[in-house]
Amino acid sequence: MSNDTGEQQHLLELTRALLTSIDEQDWETYTRLCDPQLTAFEPESSGHLVEGMPFHKFYFELPSAGRSRQSTISAPRVQLLGDTALVTCVRLVQVAEANGTVEEKAFSETRIWQRQDGTWKHIHFHRSNA
């Protein structure tokens with residue numbers, strides 16, 4: 001396994017950990033993986049660039065009300081660009097409500113990571129409905 005292949009696998013694992021932290025509303029892990037100046041374009045921001053963590057924290061603090069959620073990464077691609085990496089994929093999200101209903105959603109995602117002091121930090125993402 002080449003160093004690039006190992007680094008690409010590591011970035012994919014970090015992306016999975018990030019998505020799991022979102023699904024499990026694990027703010028501690030999310031903030032450990034993200035740069036405090038994280039920027040994003042996502043459906044919840046209605047086309048506006050979101051900067052920093054407060055916007056995201058709101059969603060982590062919502063009650064889960066017996067709901068469980070799981071994300072699956074489909075068709076991932078990792079591109080290394082020196083100390084920056086681009087991870088693209090389709091994220092399949094399954095949400096099981098307390099009443100037994102299940103809803104599936106798909107998002108096209110681009111996640112940008114930057115190596116800071118030897119550690120990869122999530123610095124930007126763009127998420128749109130697939």
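**A walk through the predicted model**

Arg-115 and Asp-83 form a salt bridge, with their closest N and O atoms 2.9 Å apart. The two residues come from distant parts of the chain. Arg-115 sits in strand S5, while Asp-83 lies in the loop between S3 and S4. Along the chain they are 32 residues apart. Arg-115 is partly exposed, at 30% relative accessible area. Asp-83 is also partly exposed, at 45%. This is a predicted model, and the contact is a good place to enter it.

Now follow the strands. Six of them make an open sheet with mixed pairing. Their order is S2-S1-S6-S5-S4-S3. Strand S2 (50-51) and S3 stand at the edges. Each has a single partner strand, so one side of each has no neighbour in the sheet. As a rule, strands of a sheet pair through backbone hydrogen bonds, either parallel or antiparallel.

Start at the S3 edge. S3 and S4 run antiparallel and are joined by 12 bridges. Here Val-78 stands opposite Val-87 in S4. Next come S4 (residues 84-96) and S5 (residues 102-116), again antiparallel, with 13 bridges between them. Val-90 has Ser-108 of S5 as its bridge partner. The hairpin of S4 and S5 has 5 residues between the strands. In that hairpin, Gly-100 takes a positive phi near 100 degrees.

One step further, S5 meets strand S6 (residues 119-129). These two pair in the antiparallel sense over 10 bridges. Glu-109 has its bridge partner in S6, namely Arg-127. The hairpin of S5 and S6 has 2 residues between the strands. There, Asp-117 takes a positive phi near 50 degrees.

What fills the interior? The largest nonpolar core has 21 residues. Leu-11, Tyr-30 and Trp-113 touch the most other members. Several elements give two or more residues to this core: helix H1 (3-23), helix H2 (27-33), strand S1 (34-41), strand S3 (68-81), S4 and S6. H1 gives the most, with 6 residues.

Helix H2 deserves a closer look. Thr-29 is found there. Its relative accessibility is 16%, so Thr-29 counts as buried. Thr-29 and Leu-18 are 11 residues apart along the chain, and their C-alpha atoms are separated by 7.4 Å.

Next, the cysteines. How many disulfides does the structure hold? It holds 0. A disulfide is a covalent bond between the sulfur atoms of two cysteines. The sulfur of Cys-34 has its closest cysteine sulfur in Cys-89, 14 Å away, and that is too far for a bond. The cut-off is 2.5 Å between the sulfur atoms. Cys-89 is likewise in no disulfide. Both cysteines are covered: Cys-34 is buried at 3% relative accessible area, and Cys-89 counts as buried at 8%.

Return to the charged side chains. A search of the whole structure finds 11 salt bridges. In one of them, the side chains of Arg-91 and Asp-23 meet at 3.6 Å, N to O. This pair links distant parts of the chain, with Arg-91 in strand S4 and Asp-23 in helix H1, 68 residues apart. Are these two residues buried or exposed? Arg-91 is buried, and so is Asp-23.

Another salt bridge joins the side chains of Glu-61 and Lys-57, at 3.7 Å, N to O. Glu-61 is exposed, with a relative accessible area of 55%. Lys-57 is partly exposed, at 33%.

Back at the opening pair, Arg-115 is in strand S5 and Asp-83 is in the loop between S3 and S4. Elsewhere, salt bridges that share partners build one network. It joins Asp-23, Glu-42, Glu-44, Arg-69, Arg-91, Glu-109, Arg-111 and Arg-127. Some of these residues have appeared already. Asp-23 and Arg-91 form the buried pair. Glu-109 and Arg-127 are bridge partners across S5 and S6.

End on the surface. Phe-58, Tyr-59 and Leu-62 make a nonpolar patch of about 280 Å². Phe-58 has its place in helix H3 (residues 54-60).

Definitions and conventions: Residues numbered from 1 in each chain as written. Predicted model: local features only at pLDDT ≥ 70, side-chain atom pairs only at ≥ 80, totals over all residues. Heavy atoms only, no water. Patch = residues over 30% accessible without salt bridge, like charges linked within 9 Å, V, L, I, M, F, W, Y side chains within 5 Å. Areas by Shrake-Rupley, 256 points an atom, 1.4 Å probe, with all protein chains shown as cover. Salt bridge = Lys/Arg side-chain N within 4 Å of Asp/Glu carboxyl O. Helix = DSSP H or I, 4+ residues; strand = E, 2+ residues; numbered from the N terminus. Buried < 20%, exposed > 50% of the residue type's maximum accessible area, 1.4 Å probe, protein only. Pairing = 2+ DSSP bridges. Core = buried A, V, L, I, M, F, W, Y, C linked by side-chain atoms within 4.5 Å.
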